[in-house]
Every structure is written in C-alpha cells, then in structure tokens.
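Thanks for coming. Please look at the sequence and the model on the screen, and I will walk through a few places in turn.

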Amino acid sequence: MFNKIMKRGQRKPSKSEAIEPPIPSTAAPDVTVNHASRLPAAPPQAPAHVPVPQNPGVVEVLPMLKDVPLSDRHVVFIRKLQNCCIMFDFSDTMKSAREKEIKRQTLAELVDLVQSGSCKMNEIMQEELVKMISANIFRCLPPSQHGTVMEGVDPEEDEMFMDPVWPHLQLVYELLLRYVVSSDTDNKVAKKYLDHSFVLKLLDLFDSEDMREREYLKTILHRIYGRFMVHRPFIRNAINNIFYRFLFETERYCGIGELLEILGSIINGFALPMKEEHKLFLVRALIPLHKAKCVASYHQQLSYCITQFVAKDYRLADIVIRGMLKYWPVTNCGKEVLFLGELEEILEVTQSAEFQCCMVPLFRQIGRCLNSLHFQV
C-alpha cells in the first residue's frame with residue numbers, strides 16, 4: 001500500500017509540467033498566435049526516467065526520441081522543442097560550444113522525425129513546433145553590407161554575407177519545410193498556426209542578405225501558397241505591398257528576385273479569362289519594377305514574369321510594350337541591353353494586331369538604339 005501511494009506521489013507533479021513546461025526565459029520575444037491555446041482532456045503522463053526541467057534557460061540533455069517509449073514520445077518531443085527555443089551568441093564560436101552542439105543535434109533529430117512521420121503530432125505539439133520555429137527565425141536582420149542600393153551587387157563576384165547563426169537556422173528552416181510538405185500535416189490544424197501574421201513575418205525575412213536563407217524562404221513560401229488556398233490572395237497582396245515599398249520608398253530589398261521566382265510559378269497557374277486584379281498587379285507593380293536602378297539584380301526573373309503574362313493573354317502585349325517604353329533607360333546602356341533582350345522575348349509571343357497598336361513608338365525607340373554609341377546596344 002505504501003509503495004502505491006509513493007508511486008502516485010511521483011507521477012502527480014510531472015502530469016502538469018510534462019505538457020506545458022515553462023518557456024525558457026532567454027528565448028526570443030514571443031510571437032503572437034491568433035488562436036486560443038488548447039489543452040487535452042486527459043494529459044498524458046511523463047515517463048519516470050525523463051527529468052523535470054529544474055533550470056529553465058539551460059539546455060537540457062534528453063534521451064533520443066527513438067529510445068523513448070511510444071506512449072511518452074510526445075512529452076519528450078515538446079521538451080526538446082523548448083530546449084531549441086534557447087538562443088545563443090554566435091559572434092564567439094567558443095562560447096557555449098557544448099550547448100550549441102546539443103541544440104544542433106536536437107534540431108537534426110527533430111527534422112528526421114518529422115520527415116519520417118514516425119511520430120504523429122497532435123495539436124499541442126504542432127503549436128509548440130511553430131512557436132520554436134518562430135522564436136528562431138523571426139529576428140532583427142543585421143545591417144545591410146551594401147548600403148541603400150543593390151546596383152552592381154553580383155553574388156558571384158562580391159563577398160557573400162554568411163549569417164553566423166546558419167548552423168541552427170538551416171535546420172530550423174528544414175524543419176519548417178518538412179512540416180509544411182508532410183502528408184501527415186493536417187491543413188485545418190496547420191493553418192491556425194501558419195496564419196497571416198506568420199506569413200507576413202516570413203515575407204519580411206526575404207530582405208536577408210544571406211542567399212541561403214532566401215532560397216529556403218522561397219521554397220517554403222511557395223509550398224505554403226500551394227498547400228493553403230486560404231492564404232493565396234493574402235500572399236499576393238503582401239508581395240504587391242513589398243514591391244510598392246521597394247519602388248516608392250527604399251529602392252532596396254534583397255529578395256525581389258526570389259519573390260519574382262515565386263510569382264513566375266503563380267502566373268503560370270492563372271486561369272483564363274484573367275482576373276482584373278492580376279492585370280492591375282502587372283500594370284502597377286511588375287512593369288514599374290523596370291525603373292529601379294538595381295533592375296539588373298532581378299531582371300531575369302522579372303522578364304520571365306512579364307513574358308508569362310503576355311503568353312497567357314496576348315491582348316496584354318500592347319500594355320506591356322508601352323510600359324517598357326515608358327521606363328526605357330536614357331543613359332544606362334547596361335539596362336538598355338537588358339530591355340532589348342526582354343523586348344525580343346515579348347515580341348515572340350505577341351500577335352500582329354497587338355503589335356500594330358504599339359508599332360510606331362516601338363520603332364522610334366529602336367531607331368534611337370541604332371544610333372547609340374554603345375556597341376552592344
């Protein structure tokens with residue numbers, strides 16, 4: 001009888017602490033989640049061999065999930081997520097080296113677990129997962145290395161910015177990607193946590209100068225767009241606003257090319273007849289992108305998007321060509337060469353009726369190009 005009482009006394013405290021352990025005090029600022037926290041009707045009990053965290057903020061050494069009984073795996077999974085909410089200073093490689101390695105190994109284990117689908121995540125586990133991801137990726141980006149304008153920045157020639165936090169960031173992004181694409185992820189549950197606020201903060205990160213981060217963001221946002229139809233108009237409008245801010249305020253944004261790559265795929269999926277909002281997006285955002293000084297850094301992606309619009313609806317050729325003529329460079333021969341290449345691609349998908357509408361101003365501009373002193377023009 002005494003042993004039974006002692007066993008019950010040992011289980012009771014771990015009941016409440018296992019599912020909702022305290023968030024580490026050194027974690028990044030909380031990210032607002034637009035939903036109520038849900039608690040299960042009967043919280044599962046923590047295994048006796050998993051210690052209750054006594055010192056929040058310190059990385060806890062936990063057993064491998066494959067070594068934990070299946071019934072207790074979700075408890076250890078949540079504790080590992082909360083371990084990964086602790087941030088480290090990567091300016092000093094030797095500082096907290098052991099803790100950094102523990103976190104890296106934990107993140108790698110979580111990636112493998114979500115990818116394999118061996119641990120079914122309930123709603124609380126998914127909420128904690130998104131909280132951990134948010135705590136790691138949503139941060140203040142370091143100051144720009146290239147001033148206010150990206151003109152002339154060539155990633156192959158200039159020294160690329162390498163975020164020192166990348167050993168952890170890469171695994172967090174990989175975990176988010178695996179969560180989004182997993183067939184085990186329930187869309188109804190996931191869209192509560194990957195909400196509009198999350199997507200907006202994700203878009204803000206496209207201004208990162210680390211090309212590796214932008215590549216992950218591009219893939220993840222594209223997957224979110226494809227999977228969650230409810231987010232599609234919001235994502236298009238948010239990208240539209242980024243372009244407006246870039247054109248009329250800052251003229252500096254690192255991720256314009258990656259956003260245009262996403263749009264290129266989106267435009268391919270537009271149904272015909274094309275909606276008026278899509279045509280307005282072409283006229284108000286895409287065509288004006290030609291006027292930026294740093295257009296060379298994203299011109300290839302922009303040209304593809306513009307050509308896709310004309311290929312989808314040939315009646316847009318006149319609008320596009322006249323728009324290009326409006327922003328045609330006067331003294332920048334490098335941009336002029338880019339414009340001529342894009343114009344050639346557009347004319348290949350332009351029909352004769354639309355060509356005749358813009359033929360006169362177009363040949364006037366070509367005549368000026370023929371008189372250019374620049375040999376490439």
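First, a term: on a 1 Å grid over the protein atoms alone, a pocket is an open set of points where a 1.4 Å probe fits, with protein on both sides within 12 Å along at least five of seven lines. Lining residues have an atom within 4 Å of a point. Grid points are joined across faces, edges and corners, and a volume is the space filled by probe spheres set on the points.

This is a predicted model, in which local features need pLDDT of at least 70 and side-chain atom pairs count only at pLDDT 80 or more, while totals for chains, interfaces and linings use all residues. Residues are numbered from 1 along each chain as its sequence is written, and side-chain values use heavy atoms, with hydrogens and water left out.

Let us start with a pocket. The second largest one has a volume of about 330 Å³. It is lined by 15 residues, and those closest to its centre are Tyr-225, Arg-232, Arg-236, Gly-269 and Phe-270. Which helices each supply at least two residues of this lining? They are helix 8 (211–227), helix 9 (232–250) and helix 10 (256–268); helices here are DSSP runs (H or I, at least four residues), numbered from the N terminus. By type, the lining has seven nonpolar, five polar and three charged residues. In this count Ala, Val, Leu, Ile, Met, Phe, Trp, Tyr, Cys and Pro are nonpolar, Asp, Glu, Lys and Arg are charged, and the others, Gly among them, are polar.

Next, the salt bridges. Side chains of opposite charge can pair when their charged atoms come close. The cut-off is a side-chain nitrogen of Lys or Arg within 4 Å of a carboxyl oxygen of Asp or Glu. The whole structure has 16 salt bridges.

One of them joins Lys-131 and Glu-127, at 3.9 Å from N to O. These two are about one helical turn apart, because they sit four residues from each other in helix 4 (residues 123–137). Lys-131 is partly exposed at 34% relative accessibility, whereas Glu-127 is buried at 6%. Buried means under 20% relative accessible area, exposed over 50%, and partly exposed in between (1.4 Å probe, protein chains only).

Another salt bridge is between Arg-139 and Glu-213, with the closest N and O atoms 2.9 Å apart. Arg-139 lies in the loop between helix 4 and helix 5 (166–181) and Glu-213 lies in helix 8, so this pair ties together parts that are 74 residues apart in sequence. Is Glu-213 buried or exposed? Its relative accessibility is 0%, so Glu-213 counts as buried. Arg-139 is partly exposed, at 24%. Both residues also belong to a network of salt bridges with Asp-163.

Now the backbone. The peptide bond from Leu-272 to Pro-273 is cis, with omega near 0°, and Pro-273 is in the loop between helix 10 and helix 11 (276–286). Ser-96 has a positive phi, near 55°, and is not a glycine. Ser-96 lies in the loop between helix 2 (73–83) and helix 3 (97–116). Glu-251 also has a positive phi, near 50°, and is found in the loop between helix 9 and helix 10.

Last, Phe-198, in helix 7 (residues 196–204). Phe-198 is buried, with a relative accessible area of 2%. Its C-alpha atom is 8.0 Å from that of Ser-134, 64 residues away along the chain.
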